[in-house]
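Biologist: I should like to examine how the descriptive terms applied to this protein are justified. Please set each value against the criterion behind it.

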Amino acid sequence: NQVYFGTDDGFLYALRPDTGAIRWSYRGRGPIDRGPAVGAQGLFLTTASDRLIALDPETGVSRWQYERETPEGFTIHGYASPALAKDRVLAGFSDGYLVALQPENGTLLWARSLAAASEQHVDVDTTPIVRGDTLYAASFSGGIYALRLKDGEVRWRTAMEGTSSLTLGESRLYAAAPRSGLVALSLEGNILWRQG
């Protein structure tokens, strides 16, 4: 029963939906312009400074933080929102890594690089999507990945440079990229159709 929104100056606000009154605010480092993941395990948000933060949704008090080093040079503008799945919180970072952490304390369960051979533009800027025991995510240079949720083992990869968004349908995965356009894939990673 709260509305959350972040700001470019690093604040996350929790508001009452009936009156708009601010219940609490949290100040992070770096812009917060992606939606948080909220569940029974708590509230989790990512910032543009490659930081994942766990907050108490009732008070806005920080419980723990996980940070990865931002690579030198250029990165793609934007970043992924975190996702909650079963007993883990999932997040992608600009160094090309997708991580799974314990929601209670931020303990790292696994980290998987989704970067391609290129050392430039390896960002994981798509919000992870989970169905069953499979996790779908993409990196700008590496393309689209299906991983095992339990340990991050790669089940398949489809090369599609510049993937900026993923959507999971009933039996298909949809991805958008500058050169490829809109692509529909089977849940086994086979390209079914493309639309420029």
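Biologist: Why is Thr7 called buried or exposed, whichever applies?

Modeller: The model is a predicted one. Thr7 has a relative accessible area of 18%, and buried means under 20%; Thr7 is therefore classed as buried. The residue is found in the loop between β1 (3-6) and β2 (11-15).

Biologist: With which residues is Thr7 in contact, leaving aside its neighbours within four places in sequence?

Modeller: Thr7 is in contact with Tyr13, Pro31 and Ile32 on that basis. In addition, the side chains of Thr7 and Asp9 are joined by a polar contact of 2.3 Å. The cut-off for such a pair of N or O atoms is within 3.5 Å, and the 2.3 Å between Thr7 and Asp9 satisfies it. By contrast, the C-alpha atoms of Thr7 and Arg131 are separated by 30 Å, and these residues lie 124 residues apart along the chain.

Biologist: What makes Thr158 buried or exposed?

Modeller: Its relative accessible area is 9%. Since the limit for buried is under 20%, Thr158 is buried. Thr158 belongs to strand β15 (residues 154-158). Apart from neighbours within four places in sequence, Thr158 is in contact with Gly142, Gly143, Ile144, Leu185, Gly189 and Ile191.

Biologist: Which residues touch the most other members of the largest nonpolar core?

Modeller: They are Tyr136, Ile144, Leu166 and Leu173, in a core of 14 residues. Two or more residues each are given to this core by β13 (134-139), β14 (143-148), β16 (165-168), β17 (172-177) and β18 (181-186). The largest share, three residues, comes from β17. A second, separate core has twelve residues, among them Trp110, Leu114, Val124 and Leu135.

Biologist: What does Leu166 touch, not counting residues up to four places away in sequence?

Modeller: Leu166 touches Thr126, Ile129, Tyr136, Ala137, Ala138, Ile144, Leu173, Tyr174 and Ala175. One of these, Ala175, is also the bridge partner of Leu166 in β17.

Biologist: How do you know that β16 and β17 pair?

Modeller: Pairing requires at least two bridges between two strands. There are four bridges between β16 and β17, in the antiparallel sense, and the criterion is therefore met. These strands belong to an open sheet of four strands, ordered β16-β17-β18-β19, with antiparallel pairing. In that sheet β16 and β19 (191-195) are the edge strands, each pairing on one side only. The twist averages 20° from one strand to the next.

Biologist: Why do β8 (83-85) and β11 (108-113) stand at the edges of their sheet?

Modeller: The open sheet has the order β8-β9-β10-β11, with antiparallel pairing. Each of β8 and β11 has a single partner strand, so one side of each is left without a neighbour in the sheet. Strand β8 is joined to β9 (residues 88-92) by three bridges, against a requirement of at least two. Leu84 has Val89 as its bridge partner in β9.

Biologist: What makes the protein as compact as a globular protein of its length?

Modeller: The secondary structure comes to zero helices and 19 strands. The radius of gyration is 17 Å, close to the 16 Å that the globule rule gives for 196 residues; the protein is therefore as compact as a globular protein of that length. The C-alpha trace spans about 45 × 40 × 35 Å along its principal axes. Of the 196 residues, 47% count as buried.

Key:
Residues numbered from 1 in each chain as written. Predicted model: local features only at pLDDT ≥ 70, side-chain atom pairs only at ≥ 80, totals over all residues. Heavy atoms only, no water. Core = buried A, V, L, I, M, F, W, Y, C linked by side-chain atoms within 4.5 Å. Buried < 20%, exposed > 50% of the residue type's maximum accessible area, 1.4 Å probe, protein only. Contact = heavy atoms within 4.5 Å. Polar contact = N/O pair within 3.5 Å; in protein donor to acceptor, adjacent residues only side chain to side chain. Axes fitted to C-alpha atoms, helices over the stretch in contact; angles between N-to-C directions. Rg over C-alpha atoms; globule rule 2.2 N^0.38 Å.
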